[in-house]
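Reader: I'm new to this one and I'd love a close look at a single part. Could you start with one strand residue and its neighbours, and then show me how it sits in the rest?

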Amino acid sequence: MKWYPWLNIIHSKILNSYRKNRGHHALLLNAKWDNGEDALIYAIVRWLSCSHPRETRHCNVCYNCKLMNIGHYPDYYPINPDNNTQTIGVDIIRACINAIHHHSYRSQVKIIFIKYVEHLTDQSINVLLKTLDEPPINTYFFFKTRDYMKIPLTFLSRCMKWSITPPKESLGLQWLKQQQEGRVDDKSAQCALRLCNGAPIEAEAMFKLGMWKQRLELCKSIYCTIINKDFLKLVPFLNTCRKNTYLYWFITILVDALKWKQGINKRFIINLDQIELITIIADYWNVSSLSLQLQQWLSLLCYFQKFTSVDRELLLTYRLLNWKQDIVESCFHVWSI
Ligand SMILES: [Zn+2]
């Protein structure tokens, strides 16, 4: 699995705790964006499962390492949310707990890795809590979450929590440019990084998956919208993605316009490649209007994140028309609380 340089310190801290026999049997890694948690957990899993681990790496020659290399280590249980229900049901958790209690294979170390624990059902959590209190010998749990606020306190209190934060912007930028091998200019790389809250893996995905081009089209469309005063042209754009990526990008432009209007230094701007668009918006509305309209857009984003079965097109049309006439509605704010 690909390794990321900003994980070195946390990796060595966690391994140190295991080397000193002070390692916790349940680790919870929290990261709002992808900062390489899978790679970190996999490296620790490899070290723990290895029969002759070196200081920071598995040996890669013992029987357990060979089984891991071909994906056949029998006591490693990676668990993902169900594709259809987006939950982790109690049956799969029970089967896993049963296996680690009764069917340990030749290996001594048993490892469970649950991705996105916020998707565990209440029943699944109850079953897990009992095992976390009294885990079978040589059993390790690894959990990952994008939002630990959604995890019950009873569960959190049984885990050792680590927050995986993005690297410094300079390190992230250096890594991103290496991956792009000259295909992206400095300004675009820095802007993509800022749009992804500093997470280089996510910024790289923007270029790889064509999202960067989509964002540029959105910016062009916002520009035409403001110039032509035809606000409804934005509806199909903002309605494109169920994950609200377009709406999020659009909101970052408004945030930048507000910063610009308030005279905040250019180096704090997110959309560094869209200064012309940002100044046009900043010239069009005053600070108080921009601030209130921004709050409305943020409320709408929260609302869309919370409720998926809503008439997005209708609500976007309503919001855009109100934005055009500088009207502040109260309903989104109430709904999104
Ligand atoms: Zn080994």
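Author: Let's begin with the word "contact": two residues are in contact when heavy atoms of theirs come within 4.5 Å of each other. With that in hand, look at K161, which touches L28 and L156 once residues up to four places away in sequence are left out. Before going on, some housekeeping. This is a predicted model, so local features need a pLDDT of at least 70 and side-chain atom pairs count only at pLDDT 80 or more, while totals for chains, interfaces and linings use all residues. Residues are numbered from 1 along each chain as its sequence is written, and side-chain values use heavy atoms, with hydrogens and water left out.

Back to our residue. K161 sits in strand β5, which covers residues 160-163. Helices (DSSP runs of H or I, at least four residues) and strands (runs of E, at least two) are numbered from the N terminus. Is K161 tucked away or out in the open? Somewhere in the middle: K161 is partly exposed because its relative accessible area is 42%, and partly exposed is the range between buried (under 20%) and exposed (over 50%), using a 1.4 Å probe and protein chains only.

One of its neighbours deserves a second look. A polar atom of the K161 side chain lies 3.5 Å from the backbone oxygen of L156. That's a polar contact, meaning N or O atoms paired within 3.5 Å; within protein, one has to be able to donate a hydrogen and the other to accept it, and residues adjacent in sequence count only if both atoms are side-chain atoms. For another sense of place, measure C-alpha to C-alpha: F143 is 9.3 Å from K161 in space, with their positions 18 residues apart in sequence.

Now compare N35, in the loop between β1 and α2 (37-49). N35 has a relative accessible area of just 3%, so it counts as buried. Leaving aside neighbours within four places in sequence, N35 is in contact with W6, L7, I164, T165, P166, A199, P200 and I201. Among these, I164 offers its backbone oxygen, 3.0 Å from a polar atom of the N35 side chain.

Let's zoom out. The chain has 16 helices and 5 strands, and 49% of its 337 residues count as buried. Its C-alpha atoms fill a box of roughly 70 × 45 × 30 Å along the principal axes. An automatic or database assignment sets the domain bounds, and here the chain is divided into domain 1 (5-163) and domain 2 (210-336). The centres of these two domains, taken over C-alpha atoms, are 40 Å apart. Of the contacts with a separation of 6 or more, 70% join residues 24 or more positions apart.

How far can you trust the prediction? pLDDT is the predictor's confidence in each residue, from 0 to 100. The chain averages 91, and 96% of residues score at least 70. Among the elements, strand β1 (residues 26-30) has the highest mean, 97, and helix α16 (residues 331-336) the lowest, 55.

Finally, the rings. Searching the whole structure turns up 19 aromatic pairs. Rings of Phe, Tyr and Trp (its six-membered ring) pair when their centres lie within 6.5 Å, and planes under 30 degrees apart are stacked, over 60 edge-to-face, the rest tilted. F231 and W285 make an edge-to-face pair, 6.2 Å centre to centre with 80 degrees between planes. This pair links distant parts of the chain, 54 residues apart: F231 is in the loop between α10 (211-228) and α11 (235-238), and W285 in the loop between α13 (275-284) and α14 (287-306). F231 is buried at 1% relative accessibility, and W285 is buried at 5%.

F250 and W297 are edge-to-face too, because their planes meet at 80 degrees, with centres 4.7 Å apart. They sit 47 residues apart, F250 in helix α12 (residues 245-261) and W297 in helix α14. F250 is buried at 0%, and W297 is buried at 0%. These rings belong to one aromatic cluster of F231, F250, Y284, W285, W297 and W323. W297 also has R319 over its face, 5.1 Å from the ring centre; such a charge counts when NZ of Lys or CZ of Arg is within 6 Å of the centre and within 35 degrees of the ring normal.
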